[in-house]
Every structure is written in structure tokens, then in C-alpha cells.
Amino acid sequence: MKTQNNFAHFSRGGKLSTPYLKFTKVDAETAKKAFTPQELKQIMDMFVYFDKTGNNTIKRDDLGFALRAIGYLVTTIEIRELGMYLDPKKTQILNFEQFITACYNVRNRKPNKQEIINALKIFEKNKSGYIDVKEIKSIITKIGDVLNLTEFDIVISEITQQFNGFIKTDDLVNLLIMS
């Protein structure tokens, strides 16, 4: 199953001003059609694995484990928001239709551009619009949903203009939004 590499979400004080995920209202049948037969089998198998009671439901608390077991990189914040979206009545139980909707939304998620801009602005020197490549490399290769050194070098190589070890914050944001 294809996984999306997800840039680590940074926020001051852990508070989000806007949801990280933009949820798509989609019925389960439409969501199912978005996956290949092999992907759908893997999703079904994982759902069955986490269905401990055999009543075609999983605990909401298991949502993150199940998504990660499939191969999705999801943050705790994304899991919490997705759980609230799928289970507004707070039953703490999800059926397969809700689970496939979760998979669809995670797979098709688009990062919140403003949150990424705000996170990267922290690393700018004197609000210059530039970030030190060494500093951002140290962070991205060690914290959150990390990239290894080779992956980081590939990502940074996509940004063609580097100035004395600095890259434009906007160029990095645009690259992260694209991936």
C-alpha cells in the first residue's frame, strides 16, 4: 500500500488554530473504489485483526494503531481529529464504513499550508525568509515523522536555489505541500 510521507506537525503549545486534516465527506462505497483490490484486502484484514469482539467494530482508541499497521504515517493530532470526525457521538466504536472513510481521508489528505508556514517561521533567522539547511536537517532527520539523511538530501535537492547554506522558507513550504 502506498504511504504518504508526512512532514512532522509542529505547533506552539500543541494548539491548532485550524484542523490539520481537511476531511472529505465520502460514503464507504466511494471510499472503497479509491483503493486497489490488494489495498482493500489489506485494509479489511487490518480491520478484522483489530475487531477483538467479532462484531464488525474496532475501538476508536485502536484507530491510530490500525492506520499505522496498514502503513500510513499519522500523527497523534491527526488521529484525534479523525476520531472526533468519525465518532461525533463519542461511542468510542468504529464500524468498517467509518474505518474505510478514515483510510480514504488519511490517504488523500492535504497538509494545512498555514500550519507548515507557522512551524517553519520559528526557524528563520531575524524573520529573513530563509532557514539554515543544517538546522532544519537536524530537526527533520531526528524529530517527528523523520526522514533519513538520504531522503532529506533528495528533498532539499528539489529546492534549486540555496544561498550560503540557507533555503527560502517559501520554497520549502511549497515542496512540502507538493509531496
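The following passage describes model confidence, nonpolar cores and the surroundings of one helical residue in a predicted structure.

Residues are numbered from 1 along each chain as its sequence is written, and side-chain values use heavy atoms, with hydrogens and water left out. Because the model is predicted, local features need pLDDT of at least 70 and side-chain atom pairs count only at pLDDT 80 or more, whereas totals for chains, interfaces and linings use all residues.

The chain has a mean pLDDT (the predictor's confidence in each residue, from 0 to 100) of 81, with 83% of its residues reaching 70 or more. Among its elements (DSSP runs numbered from the N terminus, helices being H or I of at least four residues and strands E of at least two), the highest mean pLDDT, 97, belongs to strand β1 (residues 57–59), and the lowest, 70, to strand β4 (residues 162–163). Over residues 1–19 pLDDT stays under 50, although the model has 49 contacts (heavy atoms within 4.5 Å) beyond four places in sequence for this stretch. Where pLDDT is low, the predicted coordinates should not be read in detail.

The largest nonpolar core (a set of buried Ala, Val, Leu, Ile, Met, Phe, Trp, Tyr and Cys residues joined through side-chain atoms within 4.5 Å, buried meaning under 20% relative accessible area with a 1.4 Å probe, protein chains only) has 27 residues, of which L67 and F99 touch the most other members. Two or more residues each come from α1 (28–33), α2 (37–50), α3 (63–70), α4 (76–86) and α5 (96–107), and α5 gives the most, with seven. Not counting residues up to four places away in sequence, L67 touches Y72, V74, L82, F99, C103 and V106. Apart from this core lies another, of 18 residues, including I116, F123, I140 and I156.

L149 is placed in helix α8 (residues 149–157) and, with residues up to four places away in sequence not counted, touches K137 and T141. The C-alpha atoms of L149 and S138 are separated by 9.4 Å, the two residues being eleven apart along the chain.

Definitions and conventions:
Buried means under 20% relative accessible area, exposed over 50%, partly exposed in between (1.4 Å probe, protein chains only).
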